[in-house]
Amino acid sequence: MKILILNGPNLNLLGKREPTIYGNTCFETYFEQLKVTFSTCELVYFQSNIEGVLIDKLHEVGFSYDGIIFNAGGYTHTSIALGDAIAAISTPVIEVHISNTHAREDFRKTSKLAASCKGVILGFGLKSYELALSSFLD
C-alpha cells in the first residue's frame, strides 16, 4: 500500500512553531517513526508552503497511490482550489489536523476540503496521522 503524507504551509516548522499547540517534535523525526510503525506501507512525505505545488502533488499521485493523508494547514479554511483538486482525483484523501480546529478561532471551524475527503481526523496531535494511516489499513 502506497500512502502520501502531504503537509501544507508552516508545517515545516513543527517542533519550533507554537509548541503549546503543535508539540516539540519536527515532522521529519515523526515521519521516520511512522515508517517503522507502519512498515508494511510505502510511506512518502511531501511538504510545501505553496498552494499550487500542493495541487500539483495531488494531481501527480491522485490516480496511482492508495491513499493521501493531507494536512493543508491554513489553506484548509481558504482554498477552494485544493478542495477541487481533491474532488478531481480518484485516490481517497483523509484530512488531518494536529490541533482541534473547532476549539480555536472561528475561521478554523470551516474546511473547504472536507466535503471531498474520505474523512477528517483532528485534535489528536501527531497521532492524527497514525489514526489516518490505520484507517487506510482497515
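The protein has 5 helices and 5 strands (DSSP runs, H or I of at least four residues for helices and E of at least two for strands, numbered from the N terminus). From the N terminus on, these elements run β-α-α-β-α-β-α-β-β-α. This is a predicted model, in which local features need pLDDT of at least 70 and side-chain atom pairs count only at pLDDT 80 or more, while totals for chains, interfaces and linings use all residues. Residues are numbered from 1 along each chain as its sequence is written, and side-chain values use heavy atoms, with hydrogens and water left out.

Begin with the whole chain in view. Its C-alpha atoms fill a box of roughly 35 × 35 × 25 Å along the principal axes.

Next, select residues 51-61, helix 3, together with residues 80-88, helix 4. Their axes (lines fitted to C-alpha atoms over the stretch in contact, with angles from 0 to 180 degrees between N-to-C directions) come within 9 Å and cross at roughly 5°. The two helices are therefore roughly parallel to each other (an angle under 35 degrees). Contact, meaning heavy atoms within 4.5 Å, is made by Glu51, Leu54, Ile55, Leu58 and His59 of helix 3 and by Ala81, Leu82, Ala85 and Ile86 of helix 4.

Then select Lys57 and Phe46. Lys57 lies over the face of Phe46, at 4.6 Å from the ring centre (the rule asks for NZ of Lys or CZ of Arg within 6 Å of the centre and within 35 degrees of the ring normal).

Finally, select Phe27, Tyr30, Phe31, Tyr45 and Tyr129, which form one aromatic cluster.

Terms used. Phe/Tyr/Trp six-rings, centres within 6.5 Å; stacked < 30°, edge-to-face > 60°. Parallel < 35°, antiparallel > 145°, perpendicular 65-115°, else oblique.
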